[in-house]
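Student: Could you help me learn to read a protein model, one feature after another?
Tutor: Gladly; let us look at it together.

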Amino acid sequence: MTEFNGWAGAILDVDLTSGKIERQPLSREMAIKHIGGLGFGTKTLYDNVGPDVDPLSPESVFTIGQGPLCGTLSPAAGRADLVAKSPLTGIFLRSNLGGFFGPELKWAGYDLIIVRGQSPRPVYLWIKDDHFELRDASHLWGKDTWETERILRHENKDHDIKALKIGPAGENMCYSSAIIGDLARACGKCSLAAIWGAKRLKAVAVRGTRGVRIARPKEMVALATELWERFKEDPMYASHCRYGTNTWVGDTVMKSMGGIKPELSSQAFEKLYHKNISCSGCALHCSHWLKVKSGKYAGTQGEGLEGNTQLVGFDLGVGADFMTYYNNLCNRMGLDTMHPGAAIQWAMSLYRDGIITRADTDGLELTPGNEEAVLKMIDRIIRKEGFGEILDMYPVRAAEKLGRGSENYISHRKGYPSPYTGFMSSVKTTLAHAVATRGHDHLTGSPGIETPNRQPEMTNEILEKLGREKYGDPTMFTDTSYTPQRKYALRVWECENYFAMADMTGTCKFAAREVLLVKGIDIPDFARLLTAATGIEFSPADCTRAAEREMLLERAFNAREGIRRIDDYPFALWYLKKFGRPHPRFDYARLKMSAEDYGKLLDMYYELRGCDLETGIPRADKLNEVGLDYVAADLARRGILPQPTTAHV
Ligand code: SF4
C-alpha cells in the first residue's frame, strides 16, 4: 500500500442498503490529480451519478472528504467538503464546512467517505480510528442536531467526538434543510441534508486519535509561522478577526440594498458578541458566540451569525436579537438559514400584492416585521405542512405549485434562489454568481473584497498597488465600469481557482485571498504548503492545473445534466433570452449591462476556462490537456462534446 504524508491514505465506501463498509486505499493518481476534499468528491460523483439518477433515490451517492492540509499546522486548514447531486436543482452540489469535523476525520485515518444505497432503518456511521460500523439511530430520529450531538457524545462516553448530523428538516427531506457540524457549522444550500433523510442516515460521528504524518515538519512549521505573520499585514486582518462577515458581507451588501438598518448592522451584532470563536487551527477566529441579554429573546445564545444570514433579516424586517434566535433555531432543526428566509420574503411580496391571502398562509399575516409569523412559518416548512410545504419548494417548484403569476416574483440561477435581477454589486461578482456551478453562489468564485462596496481599510491606494504588482495594471481591482473587459473574466477565473484549491486542500477561503486579498494564501503558497505536507513537489502550475481540472469536471457534470450557456446569464438576462421577452416586473433600462455586453464578457470567461462559446460545455482539447480524456470521451458518447467547428478559435 502507498505510504502517504499529508493524506491519510484511505477511503471508506459505505453501502447503506447492505450495511457493508469497505476500507479502500487512496490511489496516488487520485491524490495528485484531485488533491482532496472537493476534488475527490467531484471525481467520485462524476463517475457514479449520471443524469438518470434521482438524488433522493438509493442509487444516488454523496461524499464527505477533507484535503491533505486539513488537520495539519497549515493556516486555517480545518475545512471539510460534501459533494452530491442536488435534489433542489438537479445539478452539481458542493458544500463546505468549518469547525472541527474535517480534522477529526483526518486524524481517524480517512480522506474520503463515499455513501451509497438506502438504509431500511435510521442509522448513524460510527468511526473511531480503525473501527467503523453502522449503528441503530432510531433513538436519535426526531431529535434536533444539538440534542443528537449531546447523545452521541454521552453514549460513546467521549466529549471529543465530532459529528455531522441532520435534524427534523433533513429527516423530512426538506429542500431547505442543512447538515450541521458542531453546533452551527452548516452544509447548507441545495438540500444535501434531504439526501441523508432519504437514505435514513442521521449522523456521521468520528473520533480520531492517529494524527497526521507530515513529510517535512520543520518546513511546515516555518511556513505556517511565516504565513500567520504575513496575514497580520493584510488591511482586512483586524476587521475580519473582529467582525467576521458581519461587516464586509452584511453591512456592505445591505448598503447596496437600500441602506444599513441600524438594528441589523454589525454594530447591533457587536452588542451581542460574547466572545470570538474559531474553527480548528485558525487564529482568525472570525465567528462569535452571541448572547441576547435583554428584551423578548433574552437568554438566547449560540454561535453565529454570518453576514449572509444577517441579510436575511433585511427583507424580513427584523433585528439582531430576532436573527440570533432564528439562527439558533435553524441550526438546531437542521435548516439552511438563507433558503427559508428567501422563501418567506417571496411569500411576503405575494401577500403584499394580494396574490396570496391569509386563506393561503394558514391564517398567518405575512408582513415584514411579523416575527411570530416567521417563526410559525419556519415550523410549517420543517414539517412540510400547509403553506410551509410550498415554501420549502422555493423557488421553481414553489411557483409552479402555487401558480397565479407567482412565478413572476421568483428569481434564481440554475434553480437556486438569487436576488431580484441577478445583478450584484459589480460586474465581477455578477459574472461569478451567474456562472457558479451550484446555482447562484458567492462561494464558487466571487471576488469579495474588491467590489465597489469594499471596506474603508481597503483603500484605492492599496488596491492600485496590488494591481500594479500582480498584473501591471493599477486598475485591475478598482475599475468598476459595466463594460465587458477581459480583466473581469480573469479575476473570476482566478477566484474560482483559488476557491477550488482551498476546498481541495481543506483550507478556509477567508485565508485564501477571499478576505485577505493582499496577504492571504496565494497559489504559490498552496504549492509550498502541499509540498511540505505531502513530500511531493507541487509547483504553482500544478495547483492551477488541479483547480482547472476541478472546475472543468464540475462544468462537465452539469453539462451532462443539461446545463448550457443560457444558464450562465444573470436572472433578468436569462429570462429575456429564454422567453424572448422582458421580465414583466423588471425595468431593463435600469440594468447596468445589456445581454449583448454580458455575452461578450461570458465569451471571455469561456475562453479562459476552456469552454465552447456556443454551449458553455468544456472543450475536448481543454479536457485532454488537464488529463480528463475519459470525460471528453463520455461527453462525446452522449453526443454533447462540442464539435471543433464551434470551439474557440
Ligand atoms: S477564517 Fe473564520 S470561518 Fe475560516 S477557518 Fe478561520 S474561524 Fe473558521
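Tutor: We will go through the domains, the core, the ligand shell and one helix.

Tutor: A word on the basis before we start. This is a predicted model, where local features need pLDDT of at least 70 and side-chain atom pairs count only at pLDDT 80 or more, while totals for chains, interfaces and linings use all residues. Residues are numbered from 1 along each chain as its sequence is written.

Student: Into which domains is the protein chain divided?
Tutor: Domain bounds come from an automatic or database domain assignment. Here they give domain 1 (10-207) and domain 2 (232-410). Their centres, taken over C-alpha atoms, are separated by 26 Å.

Student: How many residues of domain 1 are in contact with domain 2?
Tutor: Two residues are in contact if their C-beta atoms, placed from the backbone, lie within 7 Å. By that rule, 30 residues of domain 1 are in contact with 25 residues of domain 2. On the domain 1 side, helix H4 (145-155), helix H5 (168-171) and strand S10 (179-181) each give two or more residues. Helices (H or I, at least four residues) and strands (E, at least two) are DSSP runs, numbered from the N terminus. H5 gives the most to this side, with 3 residues.

Student: Which residues touch the most other members of the largest nonpolar core?
Tutor: A nonpolar core is a set of buried Ala, Val, Leu, Ile, Met, Phe, Trp, Tyr and Cys residues joined through C-beta atoms within 7 Å. A residue is buried if 20 or more other C-beta atoms lie within 10 Å of its own, exposed if 12 or fewer, and partly exposed in between, with C-beta atoms placed from the backbone. The largest core has 210 residues, and Leu391 and Tyr605 are among those touching the most other members; the others are Ile179, Leu192, Val204, Ala347 and Leu431. Helix H19 (residues 486-505) gives the most to this core, with 11 residues. Both domain 1 and domain 2 give residues to the core, so it lies between them.

Student: Which residues come nearest to the ligand?
Tutor: A residue is near a molecule if its C-beta atom, placed from the backbone, lies within 6 Å of it. Of the 13 residues around the ligand, Cys279, Cys282, Leu284, Cys286 and Cys508 come nearest. Because both domains give residues to this shell, the ligand lies between them.

Student: In helix H25, which residues are buried?
Tutor: In H25 (residues 629-637), these are Val631, Ala632 and Leu635. The face turned away from the buried side carries the exposed residues Asp629, Tyr630 and Arg637.
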